[in-house]
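Biologist: Please take me through one part of this structure closely, starting from a single aromatic side chain and working outwards. I would like to know what surrounds it, and how far the model can be trusted.

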Amino acid sequence: MKIFYLALHLIIFSCGSVKLDTQKEYEEIFGNLKGKISQIEIYTKYYPTEENDTIIQRENHKYFFNKNKLSKEINNYLNFNDSDTTTYFYNHKLLDNEIRKTKNIISKRKYFYNNKKNLINKKIINNGELGIEIKYLYDKKNNLIEVESNEIKHNTKTVEKYVNDYKSKTVEIITLKNGNEKSNILLKKHFNKKGILIKSEFLYTDEPKKKYSWYTLIDYDKYGNITCRKSFHYDGNQYGKTCYVYNYDKIGNIIFSKTFFNDKLFEESNYNIIYDD
């Protein structure tokens, strides 16, 4: 698991001007890394979660960097029975496109930006055919307010509206199916004064299902890595938690980690980091 990055697919406030840094999966996977790095290799073990399951799954991930920008990624899954390779290309220090190759699919992602360097369009092309196009809109603070995802083959559209409340430091995410049909699910993110995500809510808006709403509280260590996610039913009763234990090298990069699900060891990862001379 790539647990050394802080907020992939999450929304975080940055300090100072309290701006939102949203959906920057294309260049911030390794945002917490320190020093000049040329390569990271991660060996991961996944332990069985079922009582009758005794099989330990193993994975291996290699990441190559050029001037601390991710240039290539090689992943081996399912005890090395499956793999993929992704190559990243940049233009003016922004990710321009990436190409992912598996046994049967060559997938390309193409990125487009506005003059403020905000991502405004992403196209996903599989085996030469445009599959998904995603468009992004921003407010005057350059923060995300809308994501429109179009699945070309099935001619379907999903729109996510982001309601940013800078005073309360919250973001509400409203989903519109087929472009206008409002979902009965509301996502809400809460941030502390330093702009760090501390709570996520998954809320049903219709009365019959409101009681099934839930939320997660998030804790961090001094390096900014998540140490625990505790999940609660909306009546306040805890039903699950995922916690992480890290070992760091001298400059603060993770070299070993353990993941526990409800206090049971689920995953172990060793990180072999090669620094530039």
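Modeller: Phe232 is buried in this predicted model, because its relative accessible area is 12% and the cut-off for buried is under 20%. The ring of Phe232 belongs to one of the aromatic pairs, and a search of the whole structure finds eight of these. Another of them joins Phe202 and Trp214, which are stacked with 5.2 Å between centres and 15° between planes. Phe202 lies in strand S15 (residues 197-204) and Trp214 in strand S16, twelve residues apart, so this pair links distant parts of the chain. Trp214 is partly exposed, because its relative accessibility is 29% and that class lies between 20% and 50%.

The pair that holds Phe232 has Tyr215 as the other member, and it is also described as stacked: 5.2 Å centre to centre, 15° between the planes. Tyr215 is in strand S16 and Phe232 in strand S17 (residues 226-233), 17 residues apart, and the pair again links distant parts of the chain. Tyr215 counts as buried, at 14% relative accessibility. The neighbours Trp214 and Tyr215 therefore fall in separate classes, the former partly exposed and the latter buried. In a regular strand the side chains alternate between the two faces of the sheet. Ring pairs also link Tyr223, Tyr244, Tyr246 and Tyr248 into a cluster.

As for trust, the mean pLDDT of the chain is 85, and 88% of its residues reach 70 or more. Confidence is highest in strand S16 (residues 214-220), at a mean of 96, and lowest in strand S1 (residues 11-13), at 33. Across residues 1-29 the pLDDT is below 50, and this stretch has 91 contacts in the model beyond near neighbours in sequence.

Next, the nonpolar packing and the strands. The largest nonpolar core has 29 residues, and among them Ile40 and Phe65 touch the most other members. Strand S3 (residues 37-46) gives the most to this core, with three residues. S3 pairs with strand S20 (residues 264-275) in the antiparallel sense over nine bridges, and Lys45 stands opposite Glu268 in S20. S20 is also joined to strand S19 (residues 254-261), antiparallel, by six bridges; here Ser257 has Ser269 as its bridge partner. The hairpin of S19 and S20 has two residues between the strands, and Asn262 in the turn takes a positive phi of about 50°.

A second run of hairpins involves strands S9, S10 and S11. Strands S9 (residues 119-126) and S10 (residues 129-138) run antiparallel and are joined by six bridges, with Asn126 opposite Glu129. Two residues separate these strands, and Asn127 in this hairpin has a positive phi near 50°. S10 then pairs with strand S11 (residues 144-151) over seven bridges, antiparallel, and Tyr136 stands opposite Val147. That hairpin has five residues between the strands, and Asn142 takes a positive phi near 65°.

Within S9 sits Asn121, a polar residue that is buried at 11% relative accessible area. The side chains of Asn121 and Glu133 are joined by a polar contact of 2.9 Å. Leaving out residues up to four places away in sequence, Asn121 touches Lys110, Tyr111, Phe112, Glu133, Ile134, Lys135 and Tyr136. Tyr136 is thus both a contact of Asn121 and the residue opposite Val147 in S11.

Notes:
Residues numbered from 1 in each chain as written. Predicted model: local features only at pLDDT ≥ 70, side-chain atom pairs only at ≥ 80, totals over all residues. Heavy atoms only, no water. Pairing = 2+ DSSP bridges. Helix = DSSP H or I, 4+ residues; strand = E, 2+ residues; numbered from the N terminus. pLDDT = per-residue confidence, 0-100. Contact = heavy atoms within 4.5 Å. Core = buried A, V, L, I, M, F, W, Y, C linked by side-chain atoms within 4.5 Å. Buried < 20%, exposed > 50% of the residue type's maximum accessible area, 1.4 Å probe, protein only. Polar contact = N/O pair within 3.5 Å; in protein donor to acceptor, adjacent residues only side chain to side chain. Phe/Tyr/Trp six-rings, centres within 6.5 Å; stacked < 30°, edge-to-face > 60°.
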